[in-house]
Amino acid sequence: MKGSIKQILSSLLCILGGVLVGFIVLLLMAMFNENISLAEAFRGIGIILGGPFTSGRNMMFQLGNMIFNATPLIFTGLAVAIAFKTGLFNIGAPGQYLMGAMTSLLVALSIPSSSVHPAIIWILAFMAGAIAGGIWGAIPGFFKAVLNVNEVIVCIMSNWIAANVVSWVFKDSRFINYAETKVNFIVKTEINNVATPTLGMDSLFSGGAVKSYVDIGIFIAIGVAILLFIMMNKTTFGYELKACGFNKNASKYAGMNEKRNIILSMVIAGALAGAGAALWCLNGHQDFKWDTYQTLPADGFNGIVVALLAANNPIGVIFSSLFLKYLNVSGANLAANTSFNEYVSQLIIAMIVYFSGFASYITGKLSNRKKNDLNK
């Protein structure tokens, strides 16, 4: 059995375990709550498994928004996965995400579209977001490579520094949206005619007259994931990054520049997280909360979940990101159509993460089973 197939089977078993635990929780809630029947528990697990496909006329609308919401998560998942491949734990994706969002918004809103074509502004803003995230990712990479400081500590501190920097930059700025009582949010880029093209996808995934937010960002995310897969598996640079992750000292002995590889790995990871944030903000219809000093973006941390579930495979990150957003839609539909609340879906995600910790053990068991079959 090939390694990729074993990883897929391991991930599927993790998902199955999480869903099974969620179903048991629904049954227990029904047994100990006289207002909930066992039939509703079975209906609830059906809604969780059905996701947007259980929403009737809103199915296409929910599918479109699910795809859009998965786009930045794919990027943060890749940001964590690429660092894992180099033996680093990039818990700094939230900070890199924030710096990318701030920089892309500043560029998109500062350049007047009356003087520069909106498409050029979009490209500049997207590139600026990726560069800002890459610079922020280079900080823990530098401390790890040069001073051997644990990257987790530096990442955690850089997250909160980024949150306060973003809050300070936007505080009392002309970019705050004072209309519609949304003083905690930045004005949307659509006021400057800067928005990611949709190519009609928003109309295709619509709920009647209401269009979804989906745009071509999902294709950009998929393209980047494919390029990363090729880079990591078909190029010398990717081989060096993975070699550094397996054994830093051995790669140094083999003539590889392990310090450079560590820094570059975190730069790439940060750029990915920043690019994901840029795509979110440049959608043209999304609010960005400027006072981020109290909270960090959930997609930054959820990138860890995505990477674990995908076994750090860039292609797998695409599917695991879509699956997590699928469960989020399931949770909303569960709360809307049953007596259960949406946190059951969050419990399932948590249990999938828990079971993901056993993924390598499951993969090893599958490998041992093949060896035993061959020895018979």
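This is a short talk on the aromatic pairs, the pockets and two backbone details of one predicted model.

Hi everyone, and thanks for coming. Please keep in mind throughout that we are looking at a predicted model. I'll begin with the rings.

The model has 8 aromatic pairs. One of them is F23 with F42, an edge-to-face pair with 5.2 Å from centre to centre and 65° between the planes. What does this pair tie together? F23 belongs to helix α1, residues 3-31, and F42 to helix α2, residues 38-50, so the contact joins parts 19 residues apart in sequence. F23 itself is buried, at a relative accessible area of 17%.

Now turn to F68 and Y213. Their ring centres are 6.3 Å apart and their planes meet at 65°, so this pair is edge-to-face. If you work with distance cut-offs, note that ring centres have to lie within 6.5 Å to pair. Here F68 sits in helix α3, residues 59-85, while Y213 sits in the loop between β3 (210-211) and α8 (217-234), so the pair ties together parts that are 145 residues apart in sequence. Are these two residues buried or exposed? F68 is buried, with 2% relative accessibility, whereas Y213 is partly exposed, with 36%. There is a third member here too: ring pairs link F68, Y213 and W280 into a cluster. Hold on to W280, please; we'll meet that residue again.

One more ring before we move on. F185 has a charge over its ring: the charged end of K289 is 5.5 Å from the ring centre.

On to the pockets. The largest pocket has a volume of about 490 Å³. Which residues come closest to its centre? Out of 21 lining residues, they are N69, Y97, W280, A298 and D299. So W280, from our ring cluster, also lines this pocket. Several elements give two or more residues to the lining: α3, α4 (93-110), β4 (288-289), α12 (298-309) and α13 (314-337). Helix α3 provides the largest share, with 5 residues. By class, the lining of the largest pocket holds 10 nonpolar, 7 polar and 4 charged residues.

The second largest pocket comes in at about 340 Å³. It is lined by 14 residues, and those closest to its centre are I8, S11, L309, G316 and F319. Which elements give two or more residues to this lining? They are α1 and α13, and α1 has the largest share, with 6 residues. The classes here are 8 nonpolar and 6 polar, with no charged residues. For anyone thinking about the two pockets side by side, α13 appears in that list for the largest pocket and for the second largest.

Last stop: the backbone. D172 has a positive phi near 60°, and D172 is not a glycine. You'll find D172 in the loop between α6 (151-170) and β1 (185-186). At 62% relative accessibility, D172 is exposed. The other residue to look at is N312, again not a glycine, with a positive phi of about 60°. N312 lies in the loop between α12 and α13. Is N312 buried or exposed? At 19% relative accessibility, N312 counts as buried, since the cut-off for buried is under 20%.

That's my tour of the model. Thanks for listening, and I'm happy to go back to any of these spots on the screen.

Technical notes. Residues numbered from 1 in each chain as written. Predicted model: local features only at pLDDT ≥ 70, side-chain atom pairs only at ≥ 80, totals over all residues. Heavy atoms only, no water. Phe/Tyr/Trp six-rings, centres within 6.5 Å; stacked < 30°, edge-to-face > 60°. Helix = DSSP H or I, 4+ residues; strand = E, 2+ residues; numbered from the N terminus. Buried < 20%, exposed > 50% of the residue type's maximum accessible area, 1.4 Å probe, protein only. Lys NZ or Arg CZ within 6 Å of the ring centre and 35° of its normal. 1 Å grid on protein atoms, 1.4 Å probe; cavity = no way out; pocket = protein on both sides within 12 Å on 5 of 7 lines; lining within 4 Å. Points joined across faces, edges and corners; volume = space filled by probe spheres on them. Nonpolar A, V, L, I, M, F, W, Y, C, P; charged D, E, K, R; others polar.
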